[in-house]
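Please read the report below alongside the sequence and the structure. It is written for someone who wishes to follow the chains and their contacts at the level of single residues.

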Amino acid sequence: MKKKLLDFLREWDEGNFEFSMKMTENQLKTRPEDQDRLPPDRSWTRTEVARAAQSEERAFRRLVPVFMGVFLFAVAGFLLYVVTEMPAFGSSGTPANSGEVMRRYVESGLSETGAVNIVAGIILDYRAFDTLGESHVLFAATIAVMILMLLEREEEEPISELRILRNDLVLRNTAKISVPFLLVFGIYIILNGHLGPGGGFSGGAVIGGALILYSTAYAPESLRKVLNLRSYRLIVIAALGFYSFAKCYSFFCGANGLETVFTAGTPGRIFSAGLILPLNTAVGLVVSCTMYGFYSLFTRGRI
Amino acid sequence: MIEMLWNNRIQVAAVILFAVGLTTLLLHRNLLKKIIGLNIMDTAGYLFLTSLGYIEGRLAPIVTEGSTDPARYVNPLPAGLVLTGIVVSVSVTAVMLALTLRLYRRYHTLNLDEIYKAVHREQEEEP
Amino acid sequence: MNYIEIALLGLLIICGIAASLTRNLMVSLIIFMAYSVIMSIIWAFLRAPDLAVTEAAVGAGISSVLMFITMKKLRDINRGFTQEEGGSHEEEAP
């Protein structure tokens with residue numbers, strides 16, 4: 001029993017490299033123009049020193065399941081001990097749930113921000129600066145992925161399998177039916193962000209998913225006429241700039257006691273809650289463009 | 001103590017998932033498995049944070065019937081904090097996957113030990 | 001706290017451990033997708049509907065899709081080395 005368990009754990013640790021396991025040396029067809037892309041020369045592993053190092057490494061690897069068990073139980077045990085000292089789950093008397101902060105947000109959130117959804121009021125009004133930084137994190141992540149992907153030398157047709165998928169009848173018809181509904185649902189989530197659950201992040205992710213489905217089922221060239229690098233830059237920079245300037249205006253007016261043109265309005269209306277609806281739209285645009293940009297960069301190496 | 005653990009069972013689940021994710025992240029050699037482990041760890045942290053704001057028998061923090069009584073809703077603050085974290089974790093995942101692709105294109109393995117050895121070898125060859 | 005929540009928590013832990021223990025990477029990714037869906041249901045139970053919607057769209061949708069595309073790219077890179085030039089268009093079992 002114990003031996004079986006150890007064997008299973010060792011297999012877990014040593015398996016799983018099916019990509020590298022296919023790569024044996026005589027399978028390689030060497031082409032002269034591929035010299036810089038060749039896998040590293042492994043002939044040095046046959047020397048005496050390397051063999052000794054390998055046996056040492058194998059002995060170390062044999063100990064890894066033991067390390068794993070000890071580590072898992074140490075971390076889990078320590079954290080479980082901490083959990084026993086925590087206040088009971090679901091009680092209202094904990095410091096986080098009975099303090100000044102929560103009472104303030106719930107009591108005056110509706111009258112100050114006009115948002116029926118208190119979470120939207122928190123992340124886009126009280127803590128709007130946080131959300132601005134997070135949108136910039138998404139932008140920076142896209143730039144990082146773009147740099148990493150554009151450094152590669154692409155072949156003529158890097159997505160041969162995705163091209164096969166494009167002729168798939170089931171996928172095409174499913175996409176034809178569901179993409180319009182997905183787009184409308186995403187726009188509804190974004191516009192309804194201050195009235196119910198949702199907001200820019202989830203709606204933008206739904207729209208990005210719809211664009212990914214469309215681009216997988218149909219030719220991505222038709223989508224690239226609308227959404228290419230130029231329009232991506234335009235949309236994202238316009239959305240981030242609008243967010244920054246709108247919050248600058250709001251902070252300036254709020255700090256100096258001036259009247260803003262964005263009032264809280266009647267709670268429950270679609271045009272209410274001041275800046276939350278336009279900011280949700282800006283965040284939704286950034287998130288949907290980022291999600292589609294990730295997909296496009298991963299498949300084709302460019303937006 | 002067992003009763004205390006049973007009362008806090010969502011936090012216990014979050015702690016176990018955190019330990020599983022951390023173990024996968026630190027001790028597995030496959031790069032994609034490491035990314036999955038990091039994602040599990042992320043979600044476990046969010047679950048722990050969200051469970052602290054839950055109050056038994058109260059409503060979601062969306063104002064209904066015009067009542068802004070604090071004794072009617074759960075704590076909205078952890079949800080607001082976690083919402084930003086989820087989206088950031090996706091962009092972190094995307095950057096890590098791009099780095100994995102670059103490593104695979106250069107060294108042709110997902111095994112981190114092999115990559116270390118190849119890097120060491122390359123450094124030795126350079127004068 | 002009812003039985004459904006306890007069952008969901010059990011499934012969540014099982015999925016988390018299985019995603020770490022499975023040997024096949026593709027199976028592991030699919031289990032991770034199921035993990036995200038279960039997590040979004042648990043967030044709906046915890047009275048955080050915003051998180052539930054976001055996790056269902058982002059965790060189960062986008063990040064799994066990115067991982068699948070990465071697997072495809074890895075296989076394409078691998079096949080570009082092990083085969084002759086131009087002969088890399090036939091379907092292969094995953």
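The text takes up confidence, then the contacts between chains, then the nonpolar core and a few single residues.

This is a predicted model, in which local features need pLDDT of at least 70 and side-chain atom pairs count only at pLDDT 80 or more, while totals for chains, interfaces and linings use all residues. Residues are numbered from 1 along each chain as its sequence is written, and chains are lettered from A and ligands numbered from 1 in the order in which they are written.

The predictor's confidence in each residue is given as pLDDT, on a scale from 0 to 100. For chain B the average pLDDT is 85, and 99% of the residues score at least 70. Helices (DSSP runs of H or I, at least four residues) and strands (runs of E, at least two) are numbered from the N terminus. Among the elements of chain B, the lowest mean pLDDT, 78, belongs to helix α1 (residues 2-7), and the highest, 91, to helix α3 (residues 31-52).

Chain B meets both chain A and chain C in the contacts described next. Two residues are in contact if their C-beta atoms, placed from the backbone, lie within 7 Å. Between chains A and B, the contact draws on 56 residues of chain A and 54 residues of chain B. On the chain A side, two or more residues each come from α2 (18-21), α3 (48-84), α4 (95-98), α5 (100-113), α6 (118-126), α7 (128-150) and α13 (276-300), and α3(A) gives the most, with eleven residues. Between chains C and B, 30 residues of chain C are in contact with 34 residues of chain B. The chain C side receives at least two residues from each of α1 (3-21), α2 (25-45) and α3 (49-82), and the largest share, 15 residues, comes from α3(C).

The table sorts the residues of three contacts by class, where Ala, Val, Leu, Ile, Met, Phe, Trp, Tyr, Cys and Pro count as nonpolar, Asp, Glu, Lys and Arg as charged, and the others, Gly among them, as polar.

| Contact | Nonpolar | Polar | Charged |
|---|---|---|---|
| Side of chain A that touches chain B | 40 residues | nine residues | seven residues |
| Side of chain C that touches chain B | 19 residues | seven residues | four residues |
| α10(A) with α13(A) | eleven residues | eight residues | no residues |

The last row concerns two helices of chain A, α10 (residues 200-217) and α13, which pack at an angle of about 35° with their axes 7 Å apart; axes are lines fitted to C-alpha atoms, for helices over the stretch in contact, and angles run from 0 to 180 degrees between N-to-C directions. Residues of α10(A) in this contact include A:G203, A:G204, A:I207 and A:L211, and those of α13(A) include A:V283, A:V286, A:V287 and A:M291.

A residue is buried if 20 or more other C-beta atoms lie within 10 Å of its own, exposed if 12 or fewer, and partly exposed in between. A nonpolar core is a set of buried Ala, Val, Leu, Ile, Met, Phe, Trp, Tyr and Cys residues joined through C-beta atoms within 7 Å. The largest such core has 119 residues, and those with the most contacts inside it are A:V286, B:A14 and C:L66. Its largest share, 15 residues, comes from α13(A). Leaving aside residues up to four places away in sequence, B:A14 touches B:A44, B:L47, B:F48 and B:S51.

Chain C has three helices and zero strands, and buried residues make up 46% of its 94 residues. In the loop between α2 and α3 of chain C lies C:R47, which has a positive phi of about 60° although it is not a glycine. C:R47 counts as buried because it has 22 C-beta neighbours inside 10 Å.

Two further residues belong to helices of chain A. A:D125, in helix α6 of chain A, is buried, since 23 other C-beta atoms lie within 10 Å. Beyond residues up to four places away in sequence, A:D125 touches A:T113, A:A115 and A:I276. A:Y243, in helix α12 (residues 229-256) of chain A, is buried with 24 other C-beta atoms within 10 Å. With the same exclusion of residues up to four places away, A:Y243 touches A:L132, A:S135, A:L279 and A:A282.
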